[in-house]
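Visitor: Hi! I'm new to this one and would love a quick tour. Can you walk me through it?

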Amino acid sequence: MSQVIEAIIELVITTIGVYLFGRIALNKKIEVSKSKFLVFFIITVVCNTIIYLNLTGTLKTILMEITNIIFFVKVFKISMSKSIFLTLMHLITLIAAELIQILFLTNIIKMSINSLYSDFMKSILGSSSTLLILILMCLIFKIPIRYFMNTRVENNKKILIYSISVLILSILLFYKIGLEYKISNDIMCYLVSLIMLVIVLVG
């Protein structure tokens with residue numbers, strides 16, 4: 001299978017995860033017609049595929065998250081600030097799902113780091129399993145997630161500033177995990193900082 005086709009399939013799976021997370025977290029259906037939804041879905045997949053194939057590192061992740069923010073705004077008709085907050089919740093849950101998957105495969109299945117990185121995490125199977133874990137976590141924690149999403153972000157600049165800060169830190173953490181696929185000291189520092197920011201945010 002060519003790299004482009006595999007990337008498209010992986011990002012279709014990823015975008016399905018983004019949509020399902022938004023629907024569960026917001027507890028609402030799409031606010032546009034099915035044809036418009038399909039158009040927004042295809043545009044998101046195409047944009048993320050172009051970014052995925054042509055960029056690397058933190059910039060790639062930031063641009064893909066911006067695409068997801070726009071997707072949430074267009075599909076669910078929510079404000080930009082609420083979409084940023086929703087994207088933050090999605091990214092944190094996605095990082096947790098990736099960590100669970102990595103820890104399970106390396107400690108239980110005894111898969112090597114090299115094999116994990118080259119054969120599984122970047123494969124269609126890896127994307128599908130990440131999607132499954134993400135949705136399961138969203139369903140398990142849907143009550144607190146919906147509670148956070150009901151916060152009036154638009155009228156609270158403090159929450160919005162902390163949301164953007166946590167989002168940036170989450171992107172850096174996600175990128176660091178993608179580079180190493182192990183829990184290093186740097187990743188632990190990111191995790192501790194992220195947890196502290198989340199505590200301040202929800203407090």
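Guide: Happy to! The expected span of a helix is 1.5 Å times one less than its number of residues. Keep in mind as we go that this is a predicted model.

Visitor: Okay, what span should the 20 residues of helix α3 have?

Guide: Helix α3 covers residues 57-76, and at 1.5 Å a residue it should span 28 Å. Its end C-alpha atoms are 29 Å apart, which agrees with that expectation.

Visitor: And what comes just after α3?

Guide: There you meet Lys77, which takes a positive phi of about 55°.

Visitor: Let's go inside. Which residues touch the most other members of the largest nonpolar core?

Guide: Those are Phe21, Phe71, Leu86 and Met149, in a core of 36 residues. The elements giving two or more residues to this core are α1 (3-26), α2 (34-54), α3, α4 (80-107), α6 (124-140) and α7 (142-149).

Visitor: Which of them gives the most?

Guide: That is α4, with nine residues.

Visitor: Is there anything apart from that core, and what is in it?

Guide: Another core, of five residues, lies apart from it, and Leu105, Leu116, Phe120 and Met121 are among them.

Visitor: Back to Met149. What is it in contact with, leaving aside neighbours within four places in sequence?

Guide: Met149 is in contact with Ala25, Leu26, Lys82, Phe85, Leu86 and Met89.

Visitor: New topic: cysteines. How many disulfides does a search of the whole structure find?

Guide: The search finds zero.

Visitor: Then what about Cys47 and Cys138, buried or exposed?

Guide: Cys138 is buried, because its relative accessible area is 0%. Cys47 counts as partly exposed, at 32% relative accessibility.

Visitor: How about charges? How many salt bridges are there?

Guide: The count comes to one salt bridge. Side chains of opposite charge can pair when their charged atoms come close. Here the side chains of Glu31 and Lys28 meet, at 3.7 Å from N to O.

Visitor: How accessible are Glu31 and Lys28?

Guide: Glu31 has 44% relative accessibility, so it counts as partly exposed. Lys28 is also partly exposed, at 26%.

Visitor: Last one: where is Ile5 found?

Guide: Ile5 is in helix α1. With 46% relative accessibility, Ile5 counts as partly exposed.

Visitor: And how far apart are Ile5 and Thr49?

Guide: In sequence, Ile5 and Thr49 are 44 residues apart, while in space they are 9.6 Å apart, C-alpha to C-alpha.

Note on methods: Residues are numbered from 1 along each chain as its sequence is written. This is a predicted model: local features need pLDDT of at least 70, side-chain atom pairs count only at pLDDT 80 or more; totals for chains, interfaces and linings use all residues. Side-chain values use heavy atoms; hydrogens and water are left out. Helices (H or I, at least four residues) and strands (E, at least two) are DSSP runs, numbered from the N terminus. A nonpolar core is a set of buried Ala, Val, Leu, Ile, Met, Phe, Trp, Tyr and Cys residues joined through side-chain atoms within 4.5 Å. Buried means under 20% relative accessible area, exposed over 50%, partly exposed in between (1.4 Å probe, protein chains only). Contact means heavy atoms within 4.5 Å. A disulfide is a pair of cysteine sulfur atoms within 2.5 Å. A salt bridge is a side-chain nitrogen of Lys or Arg within 4 Å of a carboxyl oxygen of Asp or Glu.
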